[in-house]
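This report describes selected features of a protein chain, moving from its helices and nonpolar cores to a pocket and a few single residues. The sequence and the structure are shown first.

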Amino acid sequence: MISFIEGKVVSKYEGVVVLENNGIGYEINISNNTLVQLPNQTETARLHTVLIVREDGLSLFGFATLEEKDLFNKLTTVSGIGAKSALVILSSQPYSNLVSCILNGDVHTLSKAKGIGKKTAERIVLELKDKMDAFGAFKNQLDNSELNLIDNQEIMDAIELLTSLGIPSSQATNLVKKFASECKTAEEIVSKSLQNLNN
């Protein structure tokens, strides 16, 4: 299995990038989210990859982050969703938005992806909701300086506490993001979040 490929960007356009490594040009299928994170031509990029083997050939799929790669792998386990469809879904929304849609059962937004109907969106929610990482979506919204200020375990505990109180995951995540940097414990984050729940 090819875990990642690092090489010079030869060309890039919607849906595909070519990376040159040791004289070999690898054509890699990518989402729009990965496309915008790629450096300029001739600069070096590293993509986390998934190799799909079929009777009619091999296809490489690349991702700027491990989180996006993980979501791609999860999507392809859903009945009726192949690699190409998974890439279309990943291109339709930022990673954190997709995770929030799945966690909150937002079928309407998921079904806006090209070729993804309501029934397919419902299957995505049904089959993946319990497999999603709300904290992963939260981390993806923060830059490194913000992450360094926050205790990861306290954040996870705060999100879990808020969702256990019936607050939707996306709202809980936004509340935690808003107050985490000024609080030291999950209890403080939850208390502050509840005080500002309707603001």
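The model discussed here is predicted. Among the elements that cover the buried residues of helix H2 are helix H1 (32-35), strand E4 (44-54) and strand E5, together with helix H3 (83-92), helix H4 (95-104) and helix H6 (118-128). The buried residues in question include Glu68, Lys69, Leu71 and Phe72, and further along H2 also Lys74 and Leu75.

Just before this helix, Thr65 sits in the loop that links strand E5 (57-63) to helix H2 (66-75). The side chain of Thr65 reaches forward to the backbone nitrogen of Glu68, at 3.1 Å, and Glu68 is itself one of the buried residues of H2. Once neighbours within four places in sequence are left aside, Thr65 is in contact with Gln37 and His48.

**Helix H6 and the cores**

In H6, the residues Thr120, Ala121, Ile124, Val125 and Leu128 are buried. They lie on the same side of H6, because the arc they cover around the axis is only 140°. Lys118, Lys119 and Leu126, on the other side of H6, are exposed. The cover over the buried residues of H6 includes H2, H3 and H4 as well as helix H5 (107-110).

The largest nonpolar core comprises 29 residues, and the residues with the most contacts inside it are Leu71, Phe72, Leu75, Ile89, Leu90, Leu110 and Ile124. Two or more residues of this core come from each of E4, E5, H2, H3, H4, H5 and H6, and the largest share, 6 residues, is given by H4. Ile124 is in contact with Leu75, Val78, Ile81, Ile89, Ile102, Leu110 and Lys129, when neighbours within four places in sequence are not considered. Another core, of 14 residues, lies apart from the largest one, and Val176, Cys183, Ala186 and Ile189 are among its members.

**The largest pocket**

The largest pocket has a volume of about 170 Å³. Its lining is formed by Glu14, Gly15, Asn29, Ile30, Ser31 and Asn32, and also by Lys84, Leu87, Val88 and Ser91. H3 gives the most to this lining, with 4 residues.

**Two buried residues**

Val9 is placed in strand E1 (residues 4-13), whereas Ala86 is placed in helix H3. Are these residues buried or exposed? Val9 is buried, since its relative accessible area is 1%, and Ala86 is likewise buried, with a relative accessible area of 0%. The table sets out, for each of them, one partner that is separated in sequence.

| Pair | Separation in sequence | C-alpha to C-alpha distance |
|---|---|---|
| Val9 and Arg46 | 37 residues | 9.5 Å |
| Ala86 and Ile116 | 30 residues | 9.7 Å |

Apart from neighbours within four places in sequence, Val9 is in contact with Val17, Val18 and Leu19, and also with Pro39, Asn40, Gln41, Thr42, Glu43 and Ala45. Ala86, if residues up to four places away in sequence are not counted, touches Phe72, Leu75, Thr76 and Ile81. Two of these partners, Phe72 and Leu75, are listed among the residues with the most contacts inside the largest nonpolar core, and both are buried in H2. Ile81, also touched by Ala86, is in addition one of the residues in contact with Ile124.

How values were computed: Residues numbered from 1 in each chain as written. Predicted model: local features only at pLDDT ≥ 70, side-chain atom pairs only at ≥ 80, totals over all residues. Heavy atoms only, no water. Polar contact = N/O pair within 3.5 Å; in protein donor to acceptor, adjacent residues only side chain to side chain. Contact = heavy atoms within 4.5 Å. Buried < 20%, exposed > 50% of the residue type's maximum accessible area, 1.4 Å probe, protein only. Arc of directions from axis to C-beta. Core = buried A, V, L, I, M, F, W, Y, C linked by side-chain atoms within 4.5 Å. 1 Å grid on protein atoms, 1.4 Å probe; cavity = no way out; pocket = protein on both sides within 12 Å on 5 of 7 lines; lining within 4 Å. Points joined across faces, edges and corners; volume = space filled by probe spheres on them.
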